[in-house]
Amino acid sequence: MTAIVLYCRPGFEKECGAEIQEKASWNEVYGYLELSKNQGVVYFHLNKPEEGEVLMEKIPLRRLIFARQWFVTVTEKIDLPDYNRVEAIVEALGTEWQYADLRMETPDTNDGKELSKFCRKLAVPLRQALRKEKILTEKGNKDGAVLHALFLSGKEVIFGFSLALNTSPHVMGIPRLKFPNAAPSRSTLKLDEAFLYFIPKEEWDIRLTSGMNAVDLGAAPGGWTYQLVRRGMMVTSIDNGPMAESLMETGQVKHRTMDGFKYVPQKKNVYWLVCDMIEKPQRVAKLMSEWLLKGLCQEAIFNLKLPMKGRYQQVNDDLQTMKDAFSLHNVKYELFAKHLYYDREEVTVHARLLSPPPTDI
Ligand SMILES: C[S@@+](CC[C@H](N)C(=O)[O-])C[C@H]1O[C@@H](n2cnc3c(N)ncnc32)[C@H](O)[C@@H]1O
């Protein structure tokens with residue numbers, strides 16, 4: 001049976017499943033879910049197998065909040081023998097389809113991490129064999145399909161493909177970021193990943209560049225401010241808590257000890273607003289819409305704290321409040337949300353207006 005397999009953070013299988021089922025039904029594609037608790041893998045078994053590829057063409061992966069990566073199955077679960085595993089895989093795959101790349105993947109669990117050593121060893125002979133059989137063709141074919149091997153154990157693997165133009169560039173959808181030693185908190189990786197995920201690299205020169213003004217709400221001790229400073233920006237950091245001395249010494253940071261909900265910049269020259277305040281998500285979403293609609297910033301990245309229950313519903317409601325506010329004022333906008341790897345408890349949102357803000361606010 002054909003399924004769409006989605007990877008998410010372990011513990012968020014229900015949200016990931018609810019989301020794919022809902023978005024598939026908007027496209028009149030139906031199926032049932034198979035979830036294994038805390039495995040970070042969701043199977044959406046399709047009633048009509050041929051609809052798998054159709055769905056992956058219709059739904060941009062960027063539109064899924066909880067899925068990091070996905071593929072449509074091309075094999076059932078394959079039982080691997082103790083010897084001649086490569087031969088068994090090649091035989092199961094057949095030579096009908098060609099792929100531009102191979103990703104060796106495991107669930108994002110402790111067992112999965114152990115398994116990845118086994119995968120690394122197997123990767124070299126498997127790639128060679130797949131190339132020899134022309135199942136794997138030249139890399140860099142952007143329109144090609146990516147072959148995913150999801151190892152559930154050393155004895156069980158499932159294969160599938162994603163479309164190169166609608167897939168995460170990272171193995172298992174997880175970017176591997178290095179913690180910069182000079183950053184004052186580990187939170188820094190959250191904004192680093194958010195910029196990497198939401199802003200295309202080829203636009204960094206215009207949208208993430210030196211000389212811009214930025215505001216960081218809930219900034220202390222300064223992990224997010226660090227990301228802005230290291231890109232050459234001038235930052236106003238708002239928090240009652242202390243900022244790291246090393247950041248203040250750069251001369252690029254002004255620290256204001258006050259409530260982030262009350263701060264209003266004096267001039268409309270702020271490009272980036274970032275916000276990591278631990279606050280009710282409804283309040284944060286409202287504040288962010290106001291900044292954008294009043295033209296106080298051009299782009300915003302912020303976190304929405306997830307509740308213990310009804311997490312998918314809550315995020316949808318918060319995003320809907322923002323969409324309603326933008327629609328009410330007839331502005332075009334871009335609004336994307338993702339449950340990023342370096343941010344366990346929150347969903348990160350990127351918002352920007354694509355048309356000028358209204359003049360009557
Ligand atoms: C998760 S920490 C921020 C970490 C920071 N982004 C970093 O990378 O170092 C949340 C911060 O929000 C601040 N905060 C919470 N509510 C706030 C408010 N209403 N106004 C200003 N700061 C607030 C807290 O003092 C705390 O320092």
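Which residues is Val41 in contact with, once we leave aside its neighbours within four places in sequence? I will come back to that in a moment, but please keep in mind throughout that what we have in front of us is a predicted model.

Let me begin with the chain as a whole. The protein chain has 10 helices and 15 strands. Its radius of gyration is 22 Å, close to the 21 Å that the globule rule gives for 361 residues, so the chain is as compact as a globular protein of that length. If you take the principal axes as your frame, the C-alpha atoms fill a box of roughly 65 × 45 × 35 Å. Of the 361 residues, 54% count as buried, and the accessible surface comes to about 17600 Å², with 50% of that belonging to carbon and sulfur atoms. Looking at contacts between residues at least 6 apart in sequence, 67% of them join residues that are at least 24 apart. As for charge, there are 48 positive and 47 negative side chains, and the centres of these two sets lie 5 Å apart.

Now to the opening question. Val41 is found in strand E3, which covers residues 41-46, and, leaving aside those neighbours within four places, Val41 is in contact with Val5, Leu6, Tyr7, Glu13, Ser36, Pro107 and Leu150. Is Val41 buried or exposed? With a relative accessible area of 3%, Val41 is buried, because anything under 20% is counted that way. For a sense of distance, Val41 and Leu163 are 122 residues apart in sequence, and their C-alpha atoms are 19 Å apart in space.

Leading into that strand, in the loop between strand E2 (31-35) and E3, we find Asn38. Phi of Asn38 is near 60°, which is a positive value in a residue other than glycine, and Asn38 is partly exposed, with a relative accessible area of 43%. There is another asparagine to set beside it: Asn330 has a positive phi of about 60° although it is not a glycine, and its place is the loop between helix H10 (311-328) and strand E14 (333-338). Asn330 counts as exposed, because its relative accessibility is 72% and the cut-off for that class is over 50%. While we are on backbone geometry, I would also point you to the peptide bond from Ala220 to Pro221, which is cis, with omega near 0°; Pro221 is found in the loop between strand E9 (213-217) and helix H7 (223-229).

Next, a residue in the interior. Where is His148 found? His148 is in strand E7, residues 145-153, and it is buried, with a relative accessible area of 0%. The side chain of His148 is joined to that of Glu105 by a polar contact of 2.8 Å. Not counting residues up to four places away in sequence, His148 touches a list of residues that includes Gln69, Trp70, Phe71, Arg103 and Glu105, and also Ile158, Phe159, Gly160 and Phe161.

Glu105 comes up again when we turn to Met172, since Met172 is in contact with Tyr7, Arg68, Gln69, Glu105, Thr106, Pro107 and Asp108, again leaving aside neighbours within four places in sequence. You may recall that Tyr7 and Pro107 were also among the contacts of Val41. Met172 sits in the loop between strand E8 (156-163) and helix H5 (188-198), and, although it belongs to a loop, Met172 is buried, with a relative accessible area of 10%. The C-alpha atoms of Met172 and Tyr342 are 14 Å apart in space, with their positions 170 residues apart in sequence.

Finally, Arg127, whose place is in helix H4, residues 110-132. What does the side chain of Arg127 reach at 3.1 Å? The partner is the backbone oxygen of Leu102, and the C-alpha atoms of Arg127 and Leu102, 25 residues apart along the chain, are separated by 7.5 Å. Apart from neighbours within four places, Arg127 is in contact with Asp101, Leu102 and Leu136. Arg127 is partly exposed, with a relative accessible area of 24%.

Notes
Residues are numbered from 1 along each chain as its sequence is written. This is a predicted model: local features need pLDDT of at least 70, side-chain atom pairs count only at pLDDT 80 or more; totals for chains, interfaces and linings use all residues. Side-chain values use heavy atoms; hydrogens and water are left out. Helices (H or I, at least four residues) and strands (E, at least two) are DSSP runs, numbered from the N terminus. Buried means under 20% relative accessible area, exposed over 50%, partly exposed in between (1.4 Å probe, protein chains only). A polar contact is a pair of N or O atoms within 3.5 Å; within protein, one must be able to donate a hydrogen and the other to accept it, and residues adjacent in sequence count only if both atoms are side-chain atoms. Contact means heavy atoms within 4.5 Å. The radius of gyration is taken over C-alpha atoms; the globule rule is 2.2 Å times the number of residues to the power 0.38. Accessible areas come from the Shrake-Rupley method with a 1.4 Å probe; for residues, only the protein chains shown count as cover. Lys and Arg count as positive and Asp and Glu as negative; His and the chain ends are not counted. The place of a charge is taken as NZ of Lys, CZ of Arg, CG of Asp or CD of Glu.
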